[in-house]
Amino acid sequence: MSFESILVEQRGAVTLITLNRPASLNALNSGVLEELITAFAAFEADPTQRCAVLTGAGEKAFAAGADIKEMADKPAAAFYADDFFARWTSHLVKTTRKPWIAAVNGFALGGGCELAMMADFIIASENARFGQPEIKLGVAPGMGGSQRLTRAVGKAKAMEMCLTGRMMDAAEAERSGLVARVVPLASLVEEAVKTAAEIAAMPPLAAIANKEMVNAAFETGLDQGILIERRIFQVLTATEDKAEGMAAFIEKRAGVWKGK
Ligand code: CO8
């Protein structure tokens with residue numbers, strides 16, 4: 001597969017996808033969207049690939065937002081007709097069941113912040129900066145920012161960031177629960193790929209199940225979420241990997257996973 005706006009490589013069982021429009025700070029246009037949909041679909045379909053990492057080319061930005069130059073003259077009816085922003089969530093969140101990590105290097109603004117928050121978790125470099133500055137353009141978040149940021153950092157900070165466009169630095173993002181971990185920029189991709197490889201080495205069905213359960217916490221009430229958790233747990237007990245995992249523990253050896 002060849003792409004114009006992204007780079008894709010496989011590192012063992014980890015697919016590394018890089019947004020590759022550094023001259024425009026990896027701004028997200030429709031070409032990037034189509035290529036990401038293709039790359040994520042290939043990752044999801046490839047049984048040798050177990051976890052993905054998404055990062056941005058260059059040292060300055062993960063993605064500085066949706067491409068303002070593409071949106072500037074687009075008629076309102078076209079935004080509605082294309083339902084452009086819906087496809088990010090439907091393809092990268094809803095149909096990607098395998099885990100993936102956003103490795104945020106530098107600016108993650110507007111759609112860039114929203115894209116990072118679509119990941120299962122974020123690892124950020126020390127120079128990372130998160131923000132929803134759309135209000136300054138006369139619009140508002142359009143790819144889930146008002147909802148995912150609020151769930152991640154709470155109303156006070158999300159409201160302040162959306163109303164003022166203020167950026168959050170990496171230390172504040174970690175303190176606020178937006179990112180899992182902050183690492184030096186020079187080792188960001190290496191650390192993210194290492195973490196992804198750790199996930200990739202887990203029993204594959206259990207990885208998907210754990211992701212599904214934690215995501216249920218954002219979609220449901222407590223009782224329903226706990227029921228979903230219990231039912232998924234019960235399904236996992238029927239897998240060959242469960243039998244292998246428990247036998248391996250008792251026999252003091254490493255498990256060998258089949259994804260069955
Ligand atoms: N879109 C297009 N091009 C961009 C973008 C962007 N989002 N961000 C940066 N660029 C381009 C610049 O135009 C510039 O290009 P050129 O060299 O051709 O002039 C190049 O990238 C480098 O950028 P700067 O010179 O501005 O770099 P600085 O270091 O001076 O500033 C900033 C970096 C602070 C990140 C600055 O570029 C900036 O503020 N960018 C825009 C950030 C932004 O507003 N993002 C939100 C966009 S809107 C969005 O994502 C959600 C849309 C939802 C709308 C829903 C409608 C229905």
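A polar contact is a pair of N or O atoms within 3.5 Å. The exercises below apply that cut-off and others to a predicted model.

**Exercise 1.** Determine which polar backbone atoms of Ala66, Ile68 and Gly111 approach the ligand, and with which kind of ligand atom.

*Solution.* Begin with the nitrogen side of the ligand: one of its nitrogen atoms is 2.9 Å from a polar backbone atom of Ile68, and this distance falls within the 3.5 Å limit for a polar contact. Turn next to oxygen, where a ligand oxygen atom is found 2.7 Å from a polar backbone atom of Ala66. Then take Gly111, whose backbone N or O atom lies 2.7 Å from an oxygen atom of the ligand. As for the ligand surface, the ligand taken alone exposes 1,100 Å², of which the protein buries 64%.

**Exercise 2.** Describe the shell around the ligand by residue, by class and by secondary-structure element.

*Solution.* First list the members: 22 residues surround the ligand, and the closest are Lys60, Ala64, Ala66, Ile68 and Gly111. Sorting the shell by class then gives 13 nonpolar, five polar and four charged residues. Finally, assign residues to elements: α2 (68-71) and β6 (107-109) each supply at least two residues of the shell, and α2 gives the most, with three residues.

**Exercise 3.** Work out the strand order of the open sheet of six strands, and place helix α1 relative to that sheet.

*Solution.* The order of this open sheet is β1-β2-β3-β5-β7-β10, and its pairing is mixed. The edges are β1 (6-11) and β10 (181-183), each of which pairs on one side only. From one strand to the next, the twist averages 20°. At the β1 end, β1 and β2 (residues 14-19) run antiparallel and are joined by six bridges, with Ile6 standing opposite Leu19 in β2. The last step is the helix: α1 (residues 30-45) packs on the sheet, where it touches β1, β2, β3 (51-56) and β5 (100-104), and its direction makes about 175° with that of β2.

**Exercise 4.** Repeat the analysis for the open sheet of four strands, and state at what angle helix α5 runs to β6.

*Solution.* Here the order is β4-β6-β8-β9, again with mixed pairing, and the edge strands, each pairing on one side only, are β4 (61-63) and β9 (168-169). Inside the sheet, β6 and β8 (residues 129-131) pair in the parallel sense over three bridges, and Ala108 stands opposite Phe130 in β8. Helix α5 (residues 111-118) lies across β4, β6 and β8 and runs at about 95° to β6. To connect this with the second exercise, recall that β6 supplies at least two residues of the shell around the ligand.

Key:
Residues numbered from 1 in each chain as written. Predicted model: local features only at pLDDT ≥ 70, side-chain atom pairs only at ≥ 80, totals over all residues. Heavy atoms only, no water. Near = heavy atom within 4 Å. Polar contact = N/O pair within 3.5 Å; in protein donor to acceptor, adjacent residues only side chain to side chain. Areas by Shrake-Rupley, 256 points an atom, 1.4 Å probe, with all protein chains shown as cover. Nonpolar A, V, L, I, M, F, W, Y, C, P; charged D, E, K, R; others polar. Pairing = 2+ DSSP bridges. Axes fitted to C-alpha atoms, helices over the stretch in contact; angles between N-to-C directions. Contact = heavy atoms within 4.5 Å.
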